[in-house]
Amino acid sequence: MRVAIAGAGLAGLSCAKYLIDAGHTPIVFERRDVLGGLVAAWKDADGDWYETGLHAFFGAYPNMLQLLKELGIEDRLQWKQHTLIFNQPDKPGTLSRFDVPDIPSPFNIIASIIRNNDMLTWEQKIRFAIGLFPAIVRGQQYVEEMDKYSFSEWLKRQGIGERVATDVFIAASKALTFINPEDVSSTILLTALNRFLQERYGSKIAFLDGSPTERLCQPIVDYITAGGGEVRLNAPLKEIVLNSDGTVKGFLMRGLNGEPDELVTADFYVSAMSVDPLKVMLPEPWKQMEFFQMLEGLEGVPVINLHLWFDRKLTDIDHLLFSRSPLLSVYADMSNTCREYANPDRSMLELVLAPAKDWISKSDEEIIAATMADLEKLFPDHFTGDNPAKLLKSHVVKTPRSVYTATPGRQKYRPPQKTPISNFFLSGSYTMQRYLGSMEGAVLSGKLTAQAISEAPLVANSSHLQTPTRPPAKNAATA
Ligand SMILES: Cc1cc2nc3c(=O)[nH]c(=O)nc-3n(C[C@H](O)[C@H](O)[C@H](O)COP(=O)(O)OP(=O)(O)OC[C@H]3O[C@@H](n4cnc5c(N)ncnc54)[C@H](O)[C@@H]3O)c2cc1C
């Protein structure tokens with residue numbers, strides 16, 4: 001069957017890949033001239049890459065790892081030492097590590113917490129362990145119930161002081177959701193902690209060996225094309241055109257450069273756009289339906305990704321670092337962490353600025369100046385004194401609406417992949433799946449959509465009824 005998909009982010013591409021495996025013919029339409037959505041990257045005039053976001057892969061990403069394996073590119077992940085590294089805001093330039101020993105979970109994580117005395121007191125550790133007990137015993141049900149509390153409120157309920165939230169969990173909160181612990185739903189952090197506690201290598205981090213566009217998205221496109229599908233760039237969906245019964249008649253594609261608009265028809269239709277453009281594009285009759293009204297509860301969160309090239313090496317650390325600063329979230333020296341960006345003499349820092357709501361409308365110069373001031377605390381040896389490191393060039397990528405804003409109470413607004421419209425489905429990391437607004441969530445959502453389509457009955461007025469038989473889906477989603 002022919003399936004039209006709007007959006008070539010990881011969700012749309014994963015959906016198309018698994019539709020190919022199930023014997024269908026997907027055609028993906030991407031409005032921009034670049035693949036990947038939130039993982040998109042560009043090459044500048046010097047041949048240097050810059051990206052929408054600094055992306056870390058985790059051991060607890062079974063669907064992403066499975067996808068890479070199926071594409072034969074799992075060796076493109078550069079796995080780092082099993083440790084989490086945090087800056088110490090009170091002691092500029094010093095780091096605190098949670099080294100995770102290679103023993104079964106959850107003992108590996110427990111050992112890493114017990115051995116680190118920089119960030120939590122013994123009393124806080126014990127209270128935190130007691131607080132996590134219901135999450136471990138009652139699992140995801142308890143984690144979902146906690147969606148009503150912010151993480152700061154949850155910590156308070158466990159008798160753990162607010163200082164821990166602002167000092168310690170600010171790192172995890174900003175890294176996972178680009179918002180602060182007082183604003184983030186506790187379901188997010190508890191879900192991540194649960195996965196890390198349950199999987200031996202769950203918290204192990206990897207970087208891709210080059211740009212996500214070339215090294216991750218392009219191989220998915222090659223797979224789709226080889227299987228008889230298609231991916232078109234510069235192909236914006238303009239309107240979802242309906243039949244009189246409210247099902248989809250076609251995707252009206254905007255004609256560019258004077259070309260006329262084109263109505264594309266298929267057996268099934270998928271929105272793999274992020275939630276904000278989808279809300280704008282909902283046809284009037286659908287806006288009256290409770291299912292689609294729920295989308296009003298979701299909205300993308302602003303975030304900024306910076307790339308700073310320096311005249312010298314600032315660090316030899318080959319890992320993700322959690323800044324614990326109010327301005328910055330995570331960062332990495334990509335000249336160490338990523339094969340294609342490697343440089344033995346000069347650092348290229350990629351840094352995530354979050355929360356970004358007060359910064360998104362500021363100029364690049366203001367954003368860089370504030371970041372450079374922060375770097376004096378992260379690298380005091382290189383940015384103070386007579387011969388400070390010189391910034392050679394920079395790129396600032398602003399995303400006013402990225403992943404859905406994971407404030408308390410959002411879980412109930414996240415829709416399933418199957419909608420009440422028989423020939424219309426949703427994909428995207430904002431849709432309901434257990435891996436939150438992440439690359440893993442996007443890949444899993446696409447896989448779930450492909451499964452739902454393979455199980456769906458054909459719509460009577462479909463324009464492509466000539467291929468009614470469908471083989472069963474080959475790959476079951478790893479939940
Ligand atoms: C700064 C940053 C850092 C991140 N770090 C991490 C990380 O370390 N680890 C991790 O797992 N995740 C991370 N993420 C999150 C991750 O990138 C996303 O969750 C994931 O890529 C979302 O994929 P998606 O396909 O659901 O949505 P998107 O990537 O938003 O894809 C939607 C696509 O739809 C297209 N589209 C929109 N409107 C139309 C239209 N009218 N017609 C056709 N196409 C349209 C868009 O152009 C886009 O390509 C990060 C994100 C950012 C921004």
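**Cavities, ligand shell and unusual backbone spots**

The largest cavity holds about 70 Å³ of space. It turned up in a search of the whole structure, here a predicted model, and that search finds three cavities of 30 Å³ or more. Rolling a probe the size of a water molecule over the atoms is what shows where empty space is left. Around the largest cavity sit Glu51, His55, Phe57, Phe207, Leu208, Gly210, Pro212, Met334 and Cys338. By character, that lining breaks down into six nonpolar residues, two polar ones and one charged. His55 is worth keeping in mind, since this lining residue also appears among the residues closest to the ligand.

Next comes the second largest cavity, with about 60 Å³ of space. Its walls are made up of Leu176, Thr177, Ile188, Val403, Tyr404, Ala406, Leu436 and Gly437. Six of these lining residues count as nonpolar and two as polar, with no charged residue in the set. Two domains contribute here: domain 1 (2-40 + 210-298 + 406-478) and domain 2 (98-202) each give at least three residues to the lining of the second largest cavity.

Turning to the ligand, a shell of 36 residues surrounds it, and the closest are Glu30, Leu38, His55, Ala56 and Tyr61. Sorted by type, the shell comes out as 20 nonpolar, 13 polar and three charged residues. Several helices chip in: α1 (10-21), α10 (275-281) and α16 (439-455) each supply at least two residues of that shell.

What about polar contacts to the backbone? Ala56, already listed among the closest residues, has a polar backbone atom 2.8 Å from an oxygen atom of the ligand. For Ser438, a polar backbone atom lies 3.2 Å from a ligand oxygen. Gly37 joins in too, with a backbone N or O atom 3.4 Å from an oxygen atom of the ligand. As for overall cover, the ligand taken alone exposes 1000 Å², and the protein buries 94% of that.

A few backbone details round out the picture, starting with two cis peptide bonds. One runs from Ser105 to Pro106, with omega near 0 degrees. Pro106 belongs to the loop between β8 (95-99) and α3 (107-115). Another cis bond joins Ala354 and Pro355, this time with omega of about -10 degrees. Pro355 is in the loop that connects β18 (348-353) with α14 (364-378).

Phe178 stands out for another reason: it is not a glycine, yet it has a positive phi of about 65 degrees. This residue is found in the loop between α7 (162-177) and α8 (186-198). The α7 helix ends at residue 177, and Thr177 is one of the residues lining the second largest cavity.

How values were computed:
Residues numbered from 1 in each chain as written. Predicted model: local features only at pLDDT ≥ 70, side-chain atom pairs only at ≥ 80, totals over all residues. Heavy atoms only, no water. Near = heavy atom within 4 Å. Polar contact = N/O pair within 3.5 Å; in protein donor to acceptor, adjacent residues only side chain to side chain. Areas by Shrake-Rupley, 256 points an atom, 1.4 Å probe, with all protein chains shown as cover. Helix = DSSP H or I, 4+ residues; strand = E, 2+ residues; numbered from the N terminus. Nonpolar A, V, L, I, M, F, W, Y, C, P; charged D, E, K, R; others polar. 1 Å grid on protein atoms, 1.4 Å probe; cavity = no way out; pocket = protein on both sides within 12 Å on 5 of 7 lines; lining within 4 Å. Points joined across faces, edges and corners; volume = space filled by probe spheres on them. Domains from an automatic or database assignment.
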